[in-house]
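Let's take a walk through this structure together. Have the sequence and the 3D view open side by side as you read.

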Amino acid sequence: MSLRSRKAEILLIATAIFTLAACDREERHSRSKPLGETVPSGESPDTIIPGGGPSNPLDPRAAEYDNNSPALAEGQFLYTKMNCVGCHAHGGGGMGPALMDDKWRYGGRIDQIAATIAEGRPNGMPSWRGKLTDDQIWKLAAYVRSLSGQPSKDVVSSRADAMSTGSPQTLTPHQAAKSADTAQQ
Amino acid sequence: MIGSLQTYQSIFSSAADEVRQFNTLLVIFLVVCAIMYTLVIAFLIAGILRRRRADAHVVENGMHHRQNPLMRTGLIAWGSLVGVGLIALAIASFVADRSLASTSAHERLSITVTANQWWWDIQYNSADVSKTLHTANELHLPVGVPVRITLHSNDVIHSFWVPSLAGKQDLIPGRENDITLVPRKVGIYRGQCAEFCGTQHAHMALVVNVEPYADFIRWWQHQLQPAVAPQTPLALAGYIVVTTGQCAMCHSIAGTPASATVGPDLTHLASRRSLAAGTLPMGKGQLYGWVADPQSVKPGSKMPTIPLEPNQLHAVVAYLETLK
């Protein structure tokens, strides 16, 4: 075998390895790790301040759920099945605040959204801790974040589960979160 | 026992009129095509073995107009044979199709099956709403009664296939399909989703129990009963976990506060033959395994692994076992 073809072969293998390594979009976590861990509850005194306030460093689990396509799809399933639609509609809001805009009363980071779902918030948002597993809460948070176009476009679903007159999520413009914690993103 | 296992999931069974039609059709097609195939091969071999005649090069000799009368008759006979064979096949499939369609005219039992990732929701419809029965993953059919199964899907395209009883029919989101059948043999049959529908497509099975009419009615009456109240302290503890925790967010148990419809109905869970849509046989050990960690039994299933304390797990299983 000539040196040139050997070089080409090595290059090809290296490209394949790097391409495969980049495939974390589809990485599936069928359960949260480790089991029994709860959504950060220590954050609540900070995150419950409207407009944000000083907040903790980003939860390490964020990387597992954010920008992860299966997590977003599962979150979308739960969003409908757990009747988030009842108050928030399909992101446009109703009895509850809109989720597709750039305003986050209790923080727009994925761990802050997870904390909001787990703990509930004043004026109607019920607490889901003990009703959903942490894994489900994080998946929901990942989906809620995607409503305002936060995750990258290659992980969001191009087709909503529900009937929709709007443009698909792949075309949703990115909404830079305006709450005080934006700097931490 | 062995006999029932052989027909558990087999397209060659004769357990329903529909599958008998298909098998008759299959035999007719097989015989007709086998005869034609044998003839073609026989002619081919004869053509190869036959010695070349002196006037073989008719075209080169300019003698191709000289026809062999025997060959002419043979070709006409061959053409007619092909025509007759095709007409026979067309008539056979038309007759089978018509007789399959005629079942729906005599429907006496209406069932709605809704496919979900990855389980079957089953509803027995009745004119009397209080007799409408909701169950999951196990279909009971009375023998000899024409039944019409209406098919829906909640998420993606699935396919309803009980090979021993009938052909396949797709369940398509937003559309209503149906399939009719007349089961003729008492027995337990296995159905399987026949359209790839996601990671756990292979674990989306259905138990079909064809039973005598009286048994079926008794089963229906029993299934209409709400779940029995927990009798032991352990079962009561399990009842509390199930109805106040994560389980009740997705499952319903008639006669308790649990009434969600995201997952399968559990009212008479322990009376079924399988767990998690044919994934596991029903039993205490399997219940433990499934409740403790569904994601290791059926990874990707919509049922999450719920972090239960050991005493909660014992209690939940003790309660689920009472749901006969």
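A good place to begin is a pair of neighbouring strands: in chain B, β1 (residues 109–116) and β2 (residues 119–125) run antiparallel and are joined by seven bridges. Keep in mind as you look that this is a predicted model. One of the links to find on screen is that between N116(B) and W119(B), which are bridge partners.

Now follow the chain from β1 to β2 of chain B, and you will meet W118(B) in the loop between them. Pause at the peptide bond that leads from Q117(B) to W118(B): it is cis, with omega near -5°.

Zoom out a little, and these two strands turn out to belong to an open sheet of five strands in chain B, ordered β3-β2-β1-β5-β8, with mixed pairing. Which strands stand at the edges? They are β3 (133–136) and β8 (177–181) of chain B; each has a single partner strand, so one side of each is left without a neighbour in the sheet. On average, neighbouring strands of this sheet are turned by 25° against each other, direction ignored. As background, strands of a sheet pair through backbone hydrogen bonds, and they may do so in a parallel or an antiparallel way.

Just past the edge strand β3 of chain B comes a loop that leads to β4 (138–142), and N137(B) sits in that loop. Though not a glycine, N137(B) has a positive phi of about 65°. Is N137(B) buried or exposed? It counts as buried, because 24 C-beta neighbours lie inside 10 Å, and 20 or more are enough for that label.

Chain A offers an asparagine to set beside it. N83(A) is in the loop between α4 (69–81) and α5 (85–88) of chain A, and its phi, near 60°, is again positive in a residue other than glycine. N83(A), however, is exposed, with 11 other C-beta atoms within 10 Å.

Back in chain B, turn to helix α7 (residues 284–292), where L287(B), W290(B) and V291(B) are buried. Why do they lie on the same side of α7(B)? They cover an arc of only 90° around the axis, which puts them there. The cover over the buried residues of α7(B) includes β11 (274–275), β12 (280–281), α8 (294–297) and α9 (310–321) of chain B.

Finally, look at where the two chains meet: chain B gives 11 residues to the contact and chain A gives 12. On the side of chain B that touches chain A, six residues are nonpolar, five are polar and none is charged.

Technical notes:
Residues numbered from 1 in each chain as written. Chains lettered and ligands numbered in written order. Predicted model: local features only at pLDDT ≥ 70, side-chain atom pairs only at ≥ 80, totals over all residues. Buried ≥ 20, exposed ≤ 12 C-beta atoms within 10 Å, placed from the backbone. Helix = DSSP H or I, 4+ residues; strand = E, 2+ residues; numbered from the N terminus. Arc of directions from axis to C-beta. Contact = placed C-beta atoms within 7 Å. Pairing = 2+ DSSP bridges. Axes fitted to C-alpha atoms, helices over the stretch in contact; angles between N-to-C directions. Nonpolar A, V, L, I, M, F, W, Y, C, P; charged D, E, K, R; others polar.
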